[in-house]
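Grab a pencil and work through these exercises with the structure open beside you. Try each task yourself before you read its solution.

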Amino acid sequence: MHKLFQTLLYAGIVASLFSCSEEVATPISLQSNQMSQCKTSTTLAPSMNRLSAWVAEEGEYFKYEATANGGLTLTHVNAIYNCAADSATTTVVSDGSNISIKEVFHSQSMANCVCPYDVTTKLQGFSNGTYTLTITTTYGEVHKLTFKYSPTLSGKQMIEHK
């Protein structure tokens, strides 16, 4: 009987150790996204497969800034897309500190020109720590952005097309 009691006590301790949960971090979620109007006059695009060749003069980049209560504003500045674009959507999937963002431009029709747009995505659920954003654009380009989140975070990462 004593042996059975010890075994049950040991099993209970082990079970309680594994059932104790650490505080689960709030998952990162999409708060909103917005696309600007075409920023400059459009450029004729002889080949829609070469859109990255028409980057605005100041370059294409990601700008990011912490906002109140664990928020982050991420702006894809001078994203090059067809000048007939009427909207852009972003989807967000987070797995702890790894966040995947997919940016998709939508057009009812296509025109023979391209244009720089700004796409702003607002995220929520950050706490102090290191995060990696993997951003996939409409054209399948993948960009990684790693940063240490804090309430004073602010930065910029240029995009180089190959």
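**Exercise 1: The cores**

Work out which residues touch the most other members of the largest nonpolar core in this predicted model, and which strands supply it.

*Solution.* Step one: the largest nonpolar core has 19 residues, and L72, F126, L133 and F147 are the ones touching the most other members. Step two: look at where the core comes from. At least two of its residues come from each of strand 3 (61–67), strand 4 (71–82), strand 6 (98–107), strand 8 (129–136) and strand 9 (142–149). Step three: zoom in on F147. Skipping neighbours within four places in sequence, F147 is in contact with Y64, L72, F126, G129, T130, Y131, L133 and L153. Step four: don't stop at one core. Another core, of nine residues, lies apart from the largest one, and A88, C115, Y117 and V119 are among its members. As a bit of background, nonpolar side chains in soluble globular proteins tend to be buried together.

**Exercise 2: The open sheet**

Find the strand order of the open sheet of four strands, then explain why one side of strand 5 and of strand 9 is left without a neighbour in the sheet.

*Solution.* Start with the order: it reads 5-6-8-9, and the pairing is mixed. Now check the ends. Strand 5 and strand 9 stand at the edges and have a single partner strand each, so one side of each has no neighbour in the sheet. On average, neighbouring strands here are turned by 20° against each other, if you ignore direction. Next, pick one pair: strand 6 and strand 8 run parallel and are joined by five bridges. To spot a facing pair, find S100, which stands opposite T134 in strand 8.

**Exercise 3: Is T90 buried or exposed?**

Decide whether T90 is buried or exposed, and list what T90 is in contact with.

*Solution.* First, place T90: look in strand 5 (residues 85–95). Then use the cut-off: buried means under 20% relative accessible area. T90 has 6% relative accessibility, so T90 counts as buried. Finally, leave out neighbours within four places in sequence, and the contacts of T90 are L30, N33, I101, K102, E103, V119 and T121.

**Exercise 4: The salt bridge**

Track down which residue forms a salt bridge with D118, and say where the two sit.

*Solution.* Searching the whole structure turns up one salt bridge. The partner of D118 is K39, with the closest N and O atoms 2.9 Å apart. D118 sits in strand 7 (residues 113–124), while K39 is in the loop between strand 1 (29–35) and strand 2 (43–44), so the pair links distant parts of the chain, 79 residues apart. K39 has a relative accessible area of 34%, which means K39 is partly exposed.

Methods: Residues numbered from 1 in each chain as written. Predicted model: local features only at pLDDT ≥ 70, side-chain atom pairs only at ≥ 80, totals over all residues. Heavy atoms only, no water. Buried < 20%, exposed > 50% of the residue type's maximum accessible area, 1.4 Å probe, protein only. Contact = heavy atoms within 4.5 Å. Core = buried A, V, L, I, M, F, W, Y, C linked by side-chain atoms within 4.5 Å. Pairing = 2+ DSSP bridges. Axes fitted to C-alpha atoms, helices over the stretch in contact; angles between N-to-C directions. Salt bridge = Lys/Arg side-chain N within 4 Å of Asp/Glu carboxyl O.
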